[in-house]
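Visitor: Please take me through this structure step by step, and explain each term when it comes up.

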Amino acid sequence: MARVLSLSWPLSLCRSLGLGGVSVRSMSLDERARVVFSAAVGAVQPDCVVRRSLERSGNCLSVAGRNFDLRHNLHLVGFGKAVLGMAAETERIVGDHLVKGVVSVPHGIRETLLHHGKGQMLLGADTRIEVFEGAKHNLPDANAQNAAKRIHELANALTESDLLLVLISGGGSALLPAPVPPISLEEKQDVTRKLAAAGATIQELNTVRRALSLLKGGGLAHSAYPAQVVALILSDVIGDPLDLIASGPTVRSVMRPEEVWAVLERYRLSASLPASVREVLGKAGPQWRQERKPDEEAEHVLNTVIGSNSIALESAARSAREIGLRPVVLSPGVCGDVRSVAHLYSLLARFACAPGASSPDLSTSILEIGPEVGVESWDLYRVMQALREGRGEGWDATCLLAGGEPTVQLTGTGKGGRNQELALRLAMELGGESLLQDVVFLSGGTDGQDGPTEAAGAVIDGRLREEAQGQGLPPKPFLNNNDSFTFFSQLSAGRHLLLPGLTGTNVMDVHLLLLPTPATTPTP
């Protein structure tokens, strides 16, 4: 739900941060946007989210308001792109109560973290956690399957006196492949690949994945029973649905064979299934997946989201307020094509910067495009009301905050990413209107990498189109070729690129639209 986080700017706080009125006022909106983005990313760093969520007092571990006894009975497993940093901080907190652990992380992650100066996210020399690197190019492979096997073995060996901490982040599904025998990894991948190519939704894909996996859809929690399971989840999915993040290995699901077959038949794949898949789907399935009512297993599992896009936006809002910007959160669930997202932001910029009352037609256009980009009408009503109210309050600018994961239609062979393309498309929409020249927009991936580039995104303003034309760089050909990174690299020596380096976390993207307060005409 959209909300104005604050209508006051505590000057004493700014002074304590070394941001007194003069120094803050001297910062450009471009600089302020970068500061706010850094605050968003900093709030969801793996070590930071673990420290906020795990509290140890002697032999007691507190998580989400629940206490667990530590008696050298703690085991740890994890899988995902941010899990190495989460595991390192967890081991520092729990100390020698950790018996052993196994984590499955992306290929080359340790070397990459060292290269980017993220040594604090690495395990110590005396660690009790075994690390498997796999899923090269984010695809399940033999190394990831070996890691899943070790995780399964560890969970199966636990007793009712044990506590299992499960660390989960984005990319976890590819790092935990455990097909139900006799299905091979290649056969399972082939089925899911064909489903995705046929246009299956993420919900349909997960319905099939869970049916073919030993550990997805609550399988890991079932394997660990009767041990207590506590899952700490860093979400990279809009809305933080626990059953979709890494395909829900600690979230109990009911498998109905008829639903799985319905998905396969819908996309005309049932007749071409491998014999092993037909064999598994022809069985009734394990009893624990057939039961429709919660049982004792459910009481032994605690799932808690410790990092998300919403948490990043809350931190960004605090940072914006501290540097003289009026923060307004739109939504953490922006999705849809970047063309539509860019158009929504251009409409909101016009609404905010128009002197006097904005036209009803503009409000109608904003509400009409909302469903295309995953933003509720209620959120848009609230934001428009907040933009109206902020015109006479004396702020330097309003900082409209949003997050999510838009998509790009690939029509070319250039180098870019959704954040850079979104920024460039919005620059094209803002250009040519004097009222919008001072509008600033930042779009950045919280993982520090936008597509196959070294940039996280880009920062633009309403003058960028004119700036590009002056340098002989017409944006349209670059957009047609999905070549936004090349465009921003060549424009003004790359000064518009957002280059934080690898961050070690991922809660999707953050969008910042900085809207200068329009001048008011004095009453005669």
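Visitor: Which residue in strand 3 stands opposite S57?
Guide: This is a predicted model, in which local features need pLDDT of at least 70 and side-chain atom pairs count only at pLDDT 80 or more, while totals for chains, interfaces and linings use all residues. Residues are numbered from 1 along each chain as its sequence is written, and side-chain values use heavy atoms, with hydrogens and water left out. Strand 2 and strand 3 pair in the antiparallel sense over four bridges (strands are DSSP runs of E with at least two residues, helices are runs of H or I with at least four, both numbered from the N terminus, and two strands pair if DSSP finds at least two bridges between them). In this pairing, the residue of strand 3 that faces S57 is C60.

Visitor: Which residue in the turn between strand 2 and strand 3 has a positive phi?
Guide: The two strands form a hairpin, with two residues between them. The residue in this turn with a positive phi, of about 65°, is G58.

Visitor: Which strands stand at the edges of the open sheet of three strands, and why is one side of each left without a neighbour?
Guide: The order in this sheet is 2-3-4, with antiparallel pairing. An edge strand has a single partner strand, so one side of it has no neighbour in the sheet. This is the case for strand 2 (54–57) and strand 4 (66–69).

Visitor: What angle does the direction of helix 4 make with that of strand 2?
Guide: Helix 4 (residues 46–53) packs on the sheet and touches strand 2 and strand 3, where contact means heavy atoms within 4.5 Å. Axes are lines fitted to C-alpha atoms, for helices over the stretch in contact, and angles run from 0 to 180 degrees between N-to-C directions. The angle between helix 4 and strand 2 is about 50°.

Visitor: Along strand 3, which side chains are buried?
Guide: Buried means under 20% relative accessible area, exposed means over 50% and partly exposed lies in between, with a 1.4 Å probe and protein chains only. The side chains of strand 3 alternate, and C60 and S62 point to one face and are not buried. The buried ones, which point to the other face, are L61 and V63.

Visitor: What is the relative accessible area of D47?
Guide: D47 has its place in helix 4. Leaving aside neighbours within four places in sequence, D47 is in contact with G85, E89 and Q120. D47 counts as buried, because its relative accessible area is 11%.

Visitor: In the open sheet of six strands, what is the order?
Guide: The pairing in this sheet is parallel, and one example is strand 5 (residues 74–79), which six bridges join to strand 6 (residues 98–106). Strand 7 (129–134) and strand 10 (301–307) each have a single partner strand, so these two stand at the edges. Read across the sheet, the order is 7-6-5-8-9-10.

Visitor: By class, how many residues in the lining of the second largest pocket are charged?
Guide: On a 1 Å grid over the protein atoms alone, a pocket is an open set of points where a 1.4 Å probe fits, with protein on both sides within 12 Å along at least five of seven lines, and lining residues have an atom within 4 Å of a point. The residues that line this pocket include D236, E405 and R418, and Asp, Glu, Lys and Arg are the types that count as charged. Beside seven nonpolar and two polar residues, the number of charged ones is three.
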